[in-house]
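User: Please take a close look at one part of this predicted model, residue by residue. Then set that part against the rest of the chain.

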Amino acid sequence: MNKKKVFQRPELTDEQIQRCHDIVDELVKLHRDSDPKHGKKSEKGKQEKAYQALNKVGELSGILTEWSENQIFGLYQKIAESKDGWIDAKTCNMHTNETMWYDPDLSEDIFEGDQKLICERLAIGAILHNSFGKYGRMAWRLGLEKSLYALNEGQVEWLVEPTNIRKQGDAYDLQELRWITVQHLYKLMGQGKEKYVAECDLSDACGVSIDAIQKWEKECVKERDKDKSTLESIKLGSLVVRTEMQEEPKNDEDFILSKAVSWNMNAEKTGDEGHLKNLSFGIISAIMLDREYPLETMKEKLSSAGLRQIK
């Protein structure tokens with residue numbers, strides 16, 4: 001009889017532990033530098049500092065509390081699979097609630113189906129309720145938690161009520177896919193293609209007209225990337241990836257990706273944080289774009305999301 005495979009939580013590395021200490025120091029500095037008591041001086045770059053603070057908390061949470069979210073999702077997954085929606089305390093506290101998520105072959109649709117969807121919403125609500133619940137403007141967390149629970153009873157709260165319901169197909173998915181397509185445009189330009197040639201390639205790959213590609217770019221720049229900082233970073237990142245692979249064939253994408261992640265984590269120590277952050281972001285985005293949304297899959301994705309006029 002085969003034993004059931006047991007998956008282990010990844011160990012914390014010395015580098016991760018040191019990073020946690022560094023993040024706390026950085027958060028304290030951001031807290032002090034943005035304090036209103038310092039007057040106009042502390043207003044400089046405050047919006048960007050707010051984003052930085054939340055990103056750092058997210059990174060800290062990713063290192064130290066990923067296991068806790070896994071444990072909660074595992075608990076509700078067990079509840080979803082139970083016959084009567086109840087599990088005993090022993091099952092509730094089992095390590096496998098957490099460690100099951102480290103299985104590389106775990107299906108992505110594990111919460112598919114009405115009963116499982118209900119339980120996933122309950123898990124998300126529990127995490128929201130216990131994440132910074134008494135700090136900051138907590139109303140949005142409680143509102144989202146309540147909205148998820150209400151959906152389980154068939155009630156649609158204002159926070160999750162659809163807007164723009166007259167738009168074609170799956171409007172949100174289409175909006176995201178248009179944005180992905182525009183990112184592909186700049187990635188191709190970073191690889192050395194003239195813009196019109198890149199637009200032609202995208203037109204063929206996505207099954208839409210060149211006019212549509214150009215329209216999507218204008219819309220996405222206006223709504224998502226007014227200064228084109230994201231798109232230009234992807235373009236530069238794509239150029240760096242292409243150059244590195246040409247000059248050093250042994251440097252595959254995985255090597256370049258790991259180097260970019262390291263740059264991103266250590267940017268503040270170099271004294272050139274802005275440039276390194278943008279460069280590493282562009283490299284990571286360019287590589288992950290091809291991995292998560294390969295160009296050859298875009299036509300099918302757009303069609304599945306309900307885009308009309310696919311050629």
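Analyst: Arg-19 sits in helix α1. Helices here are DSSP runs of H or I with at least four residues, strands are runs of E with at least two, and both are numbered from the N terminus. Residues are numbered from 1 along each chain as its sequence is written, and the side-chain values use heavy atoms, with hydrogens and water left out. The model is predicted, so local features need a pLDDT of at least 70, side-chain atom pairs count only at pLDDT 80 or more, and totals for chains, interfaces and linings use all residues.

Arg-19 is buried, at 7% relative accessible area. Buried means under 20% relative accessible area, exposed means over 50%, and partly exposed lies in between, for a 1.4 Å probe and protein chains only. Which residues does Arg-19 touch, leaving aside its neighbours within four places in sequence? They are Glu-26, Lys-56, Glu-59, Ile-63 and Met-265. A contact is a pair of heavy atoms within 4.5 Å.

Ile-23 belongs to α1 too, a helix that covers residues 14-33. Ile-23 is buried, with a relative accessible area of 0%. Beyond its neighbours within four places, Ile-23 contacts Lys-56, Glu-59 and Leu-60. Lys-56 and Glu-59 thus turn up in the contact lists of both Arg-19 and Ile-23. Leu-60 is 37 residues from Ile-23 along the chain, yet 6.9 Å separates their C-alpha atoms.

Asp-22 is another member of α1. Its relative accessibility is 14%, so Asp-22 counts as buried. Leu-60 serves as the reference again: Asp-22 and Leu-60 are 38 residues apart along the chain, and their C-alpha atoms lie 9.8 Å from each other.

Now the wider chain. The protein has 14 helices and zero strands. Read along the sequence, the pattern is α-α-α-α-α-α-α-α-α-α-α-α-α-α. Of its 311 residues, 34% count as buried. Take the contacts with a separation of 6 or more: residues 24 or more positions apart account for 62% of them. Along the principal axes, the C-alpha atoms fill a box of roughly 60 × 55 × 55 Å.

How confident is the predictor? The average pLDDT, a per-residue confidence from 0 to 100, is 87 for the protein. At least 70 is reached by 91% of the residues. Among the elements, helix α9 (residues 195-206) has the highest mean pLDDT, 96. Helix α12 (residues 253-270) has the lowest, 75. Where pLDDT is low, the coordinates should not be read in detail.

Next, a helix pair. Two packed helices are described by the angle between their axes and the distance between the axes. Helix α8 (residues 171-190) packs with helix α10 (residues 210-224) at about 105°, and the axes are 9 Å apart. That makes α8 roughly perpendicular to α10. Axes are lines fitted to C-alpha atoms, for helices over the stretch in contact, and angles run from 0 to 180 degrees between N-to-C directions. Under 35 degrees counts as roughly parallel, over 145 as roughly antiparallel, 65 to 115 as roughly perpendicular, and the rest as oblique. On the α8 side, the contact includes Trp-179, Val-182, Leu-185 and Tyr-186. On the α10 side, Ile-213, Trp-216 and Cys-220 are among them. By class, the contact has seven nonpolar, two polar and five charged residues. Ala, Val, Leu, Ile, Met, Phe, Trp, Tyr, Cys and Pro count as nonpolar, Asp, Glu, Lys and Arg as charged, and the others, Gly among them, as polar.

After α10 comes a backbone outlier. Most residues other than glycine have a negative phi. Lys-228 is not a glycine, yet has a positive phi of about 60°. Lys-228 lies in the loop between α10 and α11 (229-247). Its relative accessible area is 27%, so Lys-228 is partly exposed. In α11 sits Leu-239. Leu-239 is partly exposed at 34% relative accessibility. The C-alpha atoms of Leu-239 and Ala-286 are separated by 9.3 Å, at 47 residues apart along the chain.

Last, the cysteines. The structure holds zero disulfides, a disulfide being a pair of cysteine sulfur atoms within 2.5 Å. Why does Cys-119 lack a bond? The closest cysteine sulfur, in Cys-92, is 13 Å from that of Cys-119, too far for a bond. Cys-119 is buried at 1% relative accessible area. For Cys-200, the closest cysteine sulfur is in Cys-206, 13 Å off and too far for a bond. Cys-200 is partly exposed, at 22% relative accessibility.

Note on methods:
pLDDT = per-residue confidence, 0-100.
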